[in-house]
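Me: Could you go through this structure with me before I set anything up?

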Amino acid sequence: MSNEKKDEEEITIEVDEEDTPQESGETPSDEYYMDSSDLDALLATQTQMLMNEFQVELVNGTISRVKVYLDVSLTEHYVIGIDFSAYPSEKPLLTLPENVKNILGDPNESLNTLKNWDPNNPPSIVDVVRELETILYEISMYKSQAEQISHEFKIDPAGDSRNHYIVTFITYGWKEYK
């Protein structure tokens with residue numbers, strides 16, 4: 001009898017494993033299937049990961065819409081809005097302050113985590129914010145260094161690069177060297 005019960009259990013398990021969207025009449029697709037409780041858990045996990053690293057405020061009590069407060073220096077502070085309610089199938093929507101938009105341009109093109117977005121293997125939302133924070137920090141450091149150099153020398157930005165400058169040295173013979 002015990003062998004018969006095992007066979008019955010195995011059959012039940014096999015039926016559960018074979019219950020696919022194709023059998024229920026749904027059309028197959030390459031998209032990632034996830035029920036609402038799994039999606040809620042994923043969004044809550046992403047929000048918790050953000051809260052573990054950054055100062056975060058929920059927007060209207062929704063776990064997938066947040067404001068992230070970034071402090072990249074003593075004087076530079078940014079509030080970034082993120083809506084990742086369509087995660088992981090779609091990229092998160094970033095709301096950036098105008099001065100950050102002027103620096104970065106389109107975040108979907110300037111952030112590698114968004115530019116190379118793969119819905120089947122998406123980066124975490126924390127990775128997107130880390131990349132943004134790193135870029136803003138580097139720009140802040142370049143500006144600080146350029147300001148220090150400008151006290152001693154004449155400097156001009158070199159092209160579109162955010163970390164290249166033309167430094168002009170003036171000697172006692174009033175000769176310029178670039």
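The chat below takes up confidence, then strand pairing, then a surface patch.

Me: What kind of model is this, and what is the mean pLDDT of the protein chain?
Reply: This is a predicted model, in which local features need pLDDT of at least 70 and side-chain atom pairs count only at pLDDT 80 or more, while totals for chains, interfaces and linings use all residues. Residues are numbered from 1 along each chain as its sequence is written, and side-chain values use heavy atoms, with hydrogens and water left out. The protein chain has a mean pLDDT (the predictor's confidence in each residue, from 0 to 100) of 78, and 73% of its residues reach 70 or more. Over residues 1-32 the pLDDT is below 50, and this stretch has 9 contacts (heavy atoms within 4.5 Å) beyond near neighbours in sequence.

Me: OK, strands: how do β1 and β2 pair?
Reply: Strand β1 (residues 55-59) and strand β2 (residues 62-71), both DSSP runs of E of at least two residues, pair in the antiparallel sense over 5 bridges, where pairing needs at least two DSSP bridges. Val 56 stands opposite Val 68, and Glu 57 has Lys 67 as its bridge partner.

Me: And which residue in the turn has a positive phi?
Reply: That is Asn 60, at about 55°, in a hairpin with 2 residues between the strands.

Me: Different topic: which residues make the nonpolar surface patch?
Reply: Ile 149, Phe 153 and Phe 169 make a patch of about 240 Å². Phe 153 is partly exposed (between 20% and 50% relative accessible area, 1.4 Å probe, protein chains only), with a value of 33%.

Definitions and conventions:
Patch = residues over 30% accessible without salt bridge, like charges linked within 9 Å, V, L, I, M, F, W, Y side chains within 5 Å. Areas by Shrake-Rupley, 256 points an atom, 1.4 Å probe, with all protein chains shown as cover. Salt bridge = Lys/Arg side-chain N within 4 Å of Asp/Glu carboxyl O. Helix = DSSP H or I, 4+ residues; strand = E, 2+ residues; numbered from the N terminus.
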